Amino acid sequence: MSDRELSDPPAPEAGERTQRMAELAKRRADVEEMGGAANIERQHQAGRLTVRERIAGLTDAGSFREVGRLAGTGEYDENLNLKKLTPATYVAGTARIDGRTVAIGGEDFTVRGGTSFGAMRRKGGQGGYIEDLAHHYKIPLVNLIDGAGGTVTSAKRRGYVVFPGVDGFERSVELLGEVPVVSAVLGTAAGGPAGRAILSHFSVMIEGTSQIFAAGPPVVKRSLGQEITKEDLGGPKVSVDKAGSIHNAAKSEQEAFEQIRRFLSFMPQNVWELPPVTPCDDPAERMDEDLLTIVPEKRTQPYDMRKLVSMVVDKDSSFEIRPTYGKALITMLARLGGRVVGIVANNPKIYGGAMDADAARKQIHFMELCDTFHIPLVFFVDVPGFMVGLKAETEGALREGMRAVFTAGRLSVPTLTLVIRKCYGMAGMATCNKNDIDLKIAWPTGEWGSLPVEGGVAAAFRREIAAAEDPKAREKELETELRAYSSPFRTAEALAVEEVIDPRETRPLLCEYIALAESRLKVGLGPRAKAGVAP
């Protein structure tokens, strides 16, 4: 008898093979039924897709390769033959989005509301295999969140309660410095799934059908005696507009999927790669004549900063992040000459562009995002300073503003500062990186200093103004005298600003510098000690 005959197990009989193939087919069929027709219909009646419909709607057709499809809970007869397989409450695998491979997973709400099914090894939702896959293969992670995480009934099933952190966020945190992480809150998220939505580079939720909170209305009522609805507690008007916990809102799941595709189109696969460069049919030399007149002659009159930016970047290339939170600041991804850039722009329509606490937090997160994924930053500056007053002070505008200054000073990506109009005080410091080449460009409308002339004169010459026969007239005289020194051309004479340009030259200049930045970025590929994005 040969060694091969000794080592090989006997081949199964044809009947046994047929039985096993039949069992495989049955198990797969049971999994495809998910939580059953009634539960699927209930999901649809609530205006929500199933997790399998979501994966199909977001990814390239036919590209989903499921992992752990047969995980679940089997029901057997007295002869240990399978009667029915109830699938696990999480569906996960790899897929392609616009041709690029991602790890993707989401709770199946039709099976036990998407709560953990108690396996020894998790597929996802509370860490698990899908996060490990994204980590080891260095591919983006997409979380489709529709579950409330743990439940007190698990203690009865397990026989004890676990200490917080046993099923922790270690891998989730690690991924933030390695690959793009995107989360879509597509139902009600609380507990662990809600925490994972926050630990994302980009997140989106659905108006009318999505809510997110640390704990839901029953816990709030039991703890605080407050009656509140899920929507009032954690709908988009709270989570997106006020708290900024979730970045963007969408009107439908389909729109949310489009936002995810748009966001990922700007991202590299991981921090060891540069963002993708796309073909561009918008000439780098294009000079928009309307840039000459977009800034009003009156220095306090607002204008449309979004329109201004759109005249400079590649046509139809911009994707705004957090448009309804921290409205005094605009943050968006865009392209210049086909190359990805991060845009930070003050919004003169809100507080005159002054930086409040929400705007500072928004800027910090965006700068960290761009720094992590090798995206150069362009600041479109019109900031009169930090927001002042009692409300601003109690909300921590000064503290959050200085955190923005701190973060800007630690950036490793190339930064370009373009002063459109005002650039004053410590808020102005948050628009450039003094530890880098610190390239500052200005339009002829630019002005800067420790504080605006108006407020500065009132403070520095208070006694002289009060003693004058006509205090208002004297104040105006002093302002006119000192404003002459604030000319951008005087600063340019001292090379304290690198260049004053014709507004129409903005796009050609920025396209050239962003192309030049590419060689710098290639040198710094890979994670850095400070890489990652704080929630």
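**Exercise 1. How many disulfides does a search of the whole structure find?**

Solution. The model is a predicted one.

Step 1. The search of the whole structure gives zero disulfides.

Step 2. Take Cys280 as a case. Cys280 takes part in no disulfide, and the nearest cysteine sulfur, in Cys511, lies 7.0 Å away. A disulfide needs two cysteine sulfur atoms within 2.5 Å.

Step 3. Take Cys432 as another case. The closest cysteine sulfur to that of Cys432 belongs to Cys423, at 6.4 Å, and this is too far for a bond.

**Exercise 2. Decide for Cys280 and for Cys432: buried, partly exposed or exposed?**

Solution.

Step 1. Recall the cut-offs: buried is under 20% relative accessible area, exposed is over 50%, and partly exposed is in between.

Step 2. Cys280 has a relative accessible area of 34%, so Cys280 is partly exposed.

Step 3. Cys432 has a relative accessibility of 7%, so Cys432 counts as buried.

**Exercise 3. Describe the second largest cavity and the residues that line it.**

Solution.

Step 1. Start with the count. There are five cavities of 30 Å³ or more in the structure. The volume of the second largest is about 100 Å³.

Step 2. List the lining. The second largest cavity is lined by Leu274, Pro275, Val277, Arg339, Val340, His374, Pro376, Ile514, Glu518 and Leu521.

Step 3. Sort these residues by type. The lining of the second largest cavity has seven nonpolar residues, one polar residue and two charged residues.

Step 4. Assign the lining to elements. At least two residues of the lining come from each of strand 14 (339-346) and helix 22 (506-523). Helix 22 gives the most, with three residues.

**Exercise 4. In what order do the seven strands of the open sheet lie, and which strands are at the edges?**

Solution.

Step 1. Read across the sheet. The seven strands follow the order 1-4-5-6-7-9-11, and the sheet is open with mixed pairing.

Step 2. Find the edges. Strand 1 (65-67) and strand 11 (248-250) are the edge strands, since each pairs on one side only.

Step 3. Add the twist. From one strand to the next, the twist averages 25°.

**Exercise 5. In what sense do strand 6 and strand 7 pair, parallel or antiparallel?**

Solution.

Step 1. Recall the general rule. Strands of a sheet pair through backbone hydrogen bonds, in a parallel or an antiparallel way.

Step 2. Apply it here. Strand 6 (residues 141-145) runs parallel to strand 7 (residues 181-185), and the pairing covers five bridges.

Step 3. Locate one facing pair. Leu144 is opposite Ala184 of strand 7.

Conventions: Residues are numbered from 1 along each chain as its sequence is written. This is a predicted model: local features need pLDDT of at least 70, side-chain atom pairs count only at pLDDT 80 or more; totals for chains, interfaces and linings use all residues. Side-chain values use heavy atoms; hydrogens and water are left out. On a 1 Å grid over the protein atoms alone, a cavity is a set of points where a 1.4 Å probe fits but cannot get out, and a pocket is an open set with protein on both sides within 12 Å along at least five of seven lines; lining residues have an atom within 4 Å of a point. Grid points are joined across faces, edges and corners, and a volume is the space filled by probe spheres set on the points. Helices (H or I, at least four residues) and strands (E, at least two) are DSSP runs, numbered from the N terminus. Ala, Val, Leu, Ile, Met, Phe, Trp, Tyr, Cys and Pro count as nonpolar, Asp, Glu, Lys and Arg as charged, and the others, Gly among them, as polar. Buried means under 20% relative accessible area, exposed over 50%, partly exposed in between (1.4 Å probe, protein chains only). Two strands pair if DSSP finds at least two bridges between them. Axes are lines fitted to C-alpha atoms, for helices over the stretch in contact, and angles run from 0 to 180 degrees between N-to-C directions.
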